[in-house]
Amino acid sequence: MFSTKALNKSTQRLFSTTNPTNFKVTVLGAGGGIGQPLSLLMKLNHKVTDLRLYDLRGAKGVATDLSHIPTNSTVQGFTPEESDGLKNALDNTDVVLIPAGVPRKPGMTRDDLFSINAGIVRDLAKAAAQYCPNAAICVISNPVNSTVPIVAEVFKKSGVYNPKKLFGVTTLDSIRASRFISEVEGTNPTQEKVTVVGGHSGVTILPLISQTKHSMMPKETREKLIHRIQFGGDEVVQAKNGAGSATLSMAQAGALFAGKILQGLDGEADVITPSFVDSPLFKNEGIEFFSSPITLGPEGAEKIHSLGNLSSEEEEMLATCKETLVKNIAKGKKFIDDSK
Ligand code: NAD
Ligand code: LMR
C-alpha cells in the first residue's frame, strides 16, 4: 500500500531524468555537537530538497554555512527569538531529527540526563505534534529508552500518535558493533553486520553475536566484545573528558538512519534497519518499546521483525535487558502523565 505522497513521487520519477525525490528534513538541536555534522550529512543526501535547522543557538549560522554547498537542497535556520521560528522549522516537514539536549560528562549515566532532556524533548514533541503530525520523528536525545515514550505520550495526548512514525535512533550501537567485531576478528568493518536489539543504554544494548559469522568466538573474547559494544559510549565520554559524548560517529549513524527512513518513504524495497519503536514483540510482558530490525516503507515502520534464534547466553542477557527497559519506559510515560 503506497501513500499519495509516495505515488506522487513515483509519478514524478517517470517524468524526471534528474532528482526523483523531494523531502523536507528538520534538525532540532542543529547547532550542537551532533546537530552540525548531522546537518552537513543531510545536506549531502540527494533525497533532501528542503533542510530546516533549529536550535536555541547557532542554527542560522550553520544554515548559511551549509547553504553554500552545491547540492539539491535549500537550507534555512530558525531560532526561538523569531516569531514562529519553531513552527517554520517544522511546518509540513517529512522527517524530524532530534539531537537537542545535554550530553553526558564522565561519571554520568544516560539516565542522569533525564531531568533536563525529558522537558526539552517533551516541548519539541508538542510542537511537532502541532506542526508536522505526519512526519517521521527520529529521537537521538538521551536517554532514548525514556525519550521515545515521552514523544509517544505527547502525540497521544494531541490525538495524532502514529506508532509507525516514531523511531529511537540506535544505529550507533550497530556501527560500533561492526567496527569492534572487525577489530577482534581482523576483518573489513564494512563487511561486518551485527544485529543489535533491545534499547540504547548499557545492559539494554543486546548485540546478537550468535547470528554473525563469528558465532564460534571464544567465550571470553565474546564477553569482552559484548561489554565494549554495550559501553562504547563511555569510551568517548571519558576521552572527551567533560566536553561531551559521541558527536561525529553519532552524526554518521543518524545520517545513515535518516537515509533509510527517506528510502522507505520514497518507496524503495527491502529497507531494513534496527530502531527502538512501539513494538509488539514483548508487549505482553509490559514492554511497549523495543529495538529490533524493522522494514521501512512509505508509511514508516511497515514490519517489525522478531529476534530470531538466540543463544542461551543471549536469552539471559535479554531477560536483564527487559528488566531495565520496562523501568526506563515507565519513567518516560510517568513524566508526561505528571506534566500539566
Ligand atoms: P550538544 O550540547 O553539543 O548539542 C545539543 C544542542 O541542543 C545544543 O546546540 C543546544 O543549544 C540544543 N538545544 C537544547 N535545548 C534545545 C531546545 N529546547 N530546542 C532546540 N535546541 C535545543 O550535545 P550533543 O553532543 O549534540 O548531544 C545531544 C544529545 O544526543 C544528548 O542528549 C546526547 O546524550 C544524545 N546522544 C545520543 C546518541 C544516540 O545514540 N542516540 C548518541 C550520542 C549522543
Ligand atoms: C552513545 O552511545 O555514545 C550516546 O548514547 C552518548 C552517550 O551518552 O554515551
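**Lys47 and Asp266.** I started with the salt bridge between Lys47 and Asp266, where the closest N and O atoms sit 2.9 Å apart. I'm working from a predicted model here, so that distance is a computed one.

**Domains.** Next I looked up how the protein is split. Domain 1 takes residues 23-169, and domain 2 is made of 171-275 + 289-331. I noted 22 Å between the C-alpha centres of the two domains.

**Between the domains.** How many residues on each side are in contact? I got 38 from domain 1 and 41 from domain 2. Interface size is often quoted as the accessible area lost when the parts come together. For domain 1 and domain 2 I have about 3200 Å² buried, with 67% of it on carbon and sulfur atoms. I counted four salt bridges between the domains, and 13 residue pairs in polar contact across the interface.

**Domain 1's side.** Then I checked which elements of domain 1 touch domain 2. S1, H2, S4, S5 (136-139), H6 (144-157) and S6 (166-168) each give at least two residues. H6 has the largest share, at six residues. By type, I sorted the residues on this side into 24 nonpolar, six polar and eight charged.

**Helix H2.** H2 was on that list, so to speak, and I went through its residues 35-43 for burial. Gly35, Pro37, Leu38, Ser39, Met42 and Lys43 came out as buried. What do these buried residues pack against? I found strands S1 (23-28), S2 (48-54), S3 (74-78) and S4 (95-98), along with helices H3 (59-67) and H10 (248-265).

Technical notes
Residues are numbered from 1 along each chain as its sequence is written. Chains are lettered from A and ligands numbered from 1 in the order in which they are written. This is a predicted model: local features need pLDDT of at least 70, side-chain atom pairs count only at pLDDT 80 or more; totals for chains, interfaces and linings use all residues. Side-chain values use heavy atoms; hydrogens and water are left out. Buried means under 20% relative accessible area, exposed over 50%, partly exposed in between (1.4 Å probe, protein chains only). Helices (H or I, at least four residues) and strands (E, at least two) are DSSP runs, numbered from the N terminus. Contact means heavy atoms within 4.5 Å. Domain bounds come from an automatic or database domain assignment. Buried area is the accessible area (1.4 Å probe) that two parts lose on being put together, summed over both. A salt bridge is a side-chain nitrogen of Lys or Arg within 4 Å of a carboxyl oxygen of Asp or Glu. A polar contact is a pair of N or O atoms within 3.5 Å; within protein, one must be able to donate a hydrogen and the other to accept it, and residues adjacent in sequence count only if both atoms are side-chain atoms. Ala, Val, Leu, Ile, Met, Phe, Trp, Tyr, Cys and Pro count as nonpolar, Asp, Glu, Lys and Arg as charged, and the others, Gly among them, as polar.
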